[in-house]
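Hi,

Here is the structure I said I'd pass on. Have a look at it first, and my notes on what I found follow below.

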Amino acid sequence: MPPELLVGRLFGVEPASLDDATSNATLAQWTSLAHVNLVLAVESAYGVHLTLADALEATSVGALKRVLRRRGARW
Amino acid sequence: MVGAGTAPAAPAVPLTGVIRAGPDQAELLAAFYRQAWDPAATADSVRAALRAAAARNPVRPGEPPPAFLFLADGRPVGHLGTIPVRLWTAAGERSAHWLKGLMVLPSHRNGPVGFYLVREALAQVELALSAAVAPEARALLRAAGMAEVGAIPNAVRLLHPARVLRAVDADSAAALPRPARAAAARIRRSPLLCALAGAAVRMACGAWAGVRGGTGGVYAVVLPEWRTGELARLWARTRRGLSAAPSRDPYSLRARYGGEGGYRLLGVYEGGVLAGFAAVRPPRAEGDPRLGGARVATLSEIVAPVDRPAVLRALLRGAETVARSLDADALLCSASHPRVRAALRRRAWLPFPGNVHLLLREPPGAPPLPRGLDAWWLTRGDSHADEVF
């Protein structure tokens, strides 16, 4: 599943409106709690474990993809 | 395995994660405080504050209260403190910690920092309490494992209604019903109407309080000094009627109201015995920006046996007098217990919905605490909640 789809579903926004620059600074729905839910959803969807540093880094769609690649996830 | 001292030291890896921060981390705490709250904070000032907090820690005397920092590559970007308290329950006293001072630097908001700070704090303290206002903060606390008990109801006594009417702006009046909002807008535009409406409200409140809120000859006085023995006996009598309450023993009261804040302390005496205590926080010098600069004092604390309604009303009347002497336009109180709320109504305080929410997390296996807010004796002073409403 493309990360944009996961983020879009989780935050209730049209996935097509998301790009790598979409971040917790640009998307109102991307709150602290939503971010924690995103981390949990990502771990479940891609079968990876994100460290605290990963969670801290993955605050944009582009950064999330970078973290996922580093953890060996494919979509 | 390489023996110690035979190999070059590995480069320190900057830590990302949550640490418990005490005197050994004073430099990190000071670095965070400088960015978040106090540009003048230093490691020495942090150590001094930790020593003072340790000295008044009622849970582990002599130890600094637990505090936590979230480090990102070794830099502090988030903080959560605690305030240790003794909690009175029907089954006896227990130790608890208010979670307080959750702050994340703007550069790291809307990320995982707050959640992990709360989760770590909950892992390290047993019984945790929190007073939160913002829906986001409450959701975060719930997600980390806390349960919401309810919103502590607010009440306000208008002391200078005309000044409040003039000061309150459209945003502040948004909570009023639509007809009242429209009327308030019309009144605000006219100084004459403001004065007339203010006088009418003042007379109506005074008449109501005179008829319904009498004190039967019981009066409050300003306490000139801390009377530890009298306060201890008062708390021992008061707590017998309560199911759950942060302790109001004299040491807790003094730690809360005896230092900064300029609190005015009131007592009610019956037959030479201290029968009630209250603390009033003066208005800020610059007024309250949330109410258009109106000067709002706060009734931060009220302690009296629940079976002495006349004492409660006498404390309220005394608080109103003190607030007027401080040139306050209004006096605010958040109180959970039905007996206090009843006394507030009888003294013509206007109720409005609470926005400070109590949340708690109990350790597994412990006797359960009441889950209804009516069973709790909470006032605005708990958890330093004066700053939020």
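β4(B) and strand β5 (residues 128-132) of chain B pair up in the parallel sense, with two bridges between them. If you want a spot to click on, B:Trp98 stands opposite B:Leu129 in β5(B). To get from β4(B) to β5(B), the chain passes through helix α3 (residues 113-124) of chain B, and this β-α-β crossover is right-handed. Keep in mind throughout that this is a predicted model.

On its other pairing, β4(B) covers residues 92-104 and runs antiparallel to strand β3 (residues 75-89) of chain B, with eleven bridges between the two. They form a hairpin, and two residues sit between the strands. Two pairs are handy for checking the register: B:Val85 has B:Ala96 as its bridge partner in β4(B), and B:His79 has B:Met103.

One more residue of β4(B) to look at is B:Lys100. Is it buried or exposed? Neither label fits: its relative accessibility is 29%, and since buried means under 20% and exposed over 50%, B:Lys100 counts as partly exposed. In space, its C-alpha lies 9.3 Å from that of B:Ala67, with the two positions 33 residues apart in sequence terms.

Now for β3(B), which has several partners. The strand is mostly covered, with twelve of its 15 residues buried. Besides β4(B), it pairs with strand β2 (residues 68-72) of chain B, antiparallel again, through five bridges. B:Leu71 stands opposite B:Pro76 there. β2(B) and β3(B) also make a hairpin with two residues between the strands, and in it B:Asp73 has a positive phi, near 50 degrees. In addition, β3(B) pairs with strand β8 (residues 244-246) of chain B, in the antiparallel sense and over three bridges. B:Thr89 is part of that pairing, and its bridge partner in β8(B) is B:Ala244.

Back on β2(B), have a look at B:Phe70, which is found in that strand. What makes it count as buried? Its relative accessibility is 0%, and the cut-off for buried is under 20%. As for what touches B:Phe70, leaving aside neighbours within four places in sequence, the contacts include A:Leu52 and A:Leu56 from chain A, and from chain B among others B:Thr16, B:Val18, B:Pro76, B:Val77, B:Val113, B:Tyr116 and B:Leu117. For a sense of distance, B:Phe70 and B:Arg380 are 310 residues apart in sequence and 29 Å apart in space, C-alpha to C-alpha.

On to the helices. The axes of helix α1 (residues 26-36) and helix α2 (residues 43-55) of chain B come within 8 Å and cross at roughly 105 degrees. Angles of 65 to 115 degrees count as roughly perpendicular, so that is the label for α1(B) and α2(B). On the α1(B) side, the contact is made by B:Ala26, B:Glu27, B:Leu29, B:Ala30 and B:Tyr33, and on the α2(B) side by B:Ala43, B:Val46, B:Arg47 and B:Leu50.

Helix α4 (residues 135-143) of chain B is worth a click too. Its buried residues are B:Arg138, B:Ala139, B:Leu140 and B:Leu141. What covers them? The cover includes α2 (32-46) of chain A, and from chain B it includes β4, α3, β5, β6 (147-158) and β13 (350-361). After α4(B) comes B:Gly145, with a positive phi near 125 degrees.

Finally, some totals for chain B, in case you want them for your set-up:

- The secondary structure comes to eleven helices and 13 strands.
- Of its 389 residues, 49% are buried.
- It exposes about 17,700 Å², and carbon and sulfur atoms supply 57% of that.
- Taking contacts between residues at least 6 apart in sequence, 71% join residues at least 24 apart.

That's what I have for now. Shout if anything is unclear.

Cheers

Note on methods: Residues numbered from 1 in each chain as written. Chains lettered and ligands numbered in written order. Predicted model: local features only at pLDDT ≥ 70, side-chain atom pairs only at ≥ 80, totals over all residues. Heavy atoms only, no water. Pairing = 2+ DSSP bridges. Helix = DSSP H or I, 4+ residues; strand = E, 2+ residues; numbered from the N terminus. Right-handed = clockwise from strand over helix to strand, strands pointing away. Buried < 20%, exposed > 50% of the residue type's maximum accessible area, 1.4 Å probe, protein only. Contact = heavy atoms within 4.5 Å. Areas by Shrake-Rupley, 256 points an atom, 1.4 Å probe, with all protein chains shown as cover. Axes fitted to C-alpha atoms, helices over the stretch in contact; angles between N-to-C directions. Parallel < 35°, antiparallel > 145°, perpendicular 65-115°, else oblique.
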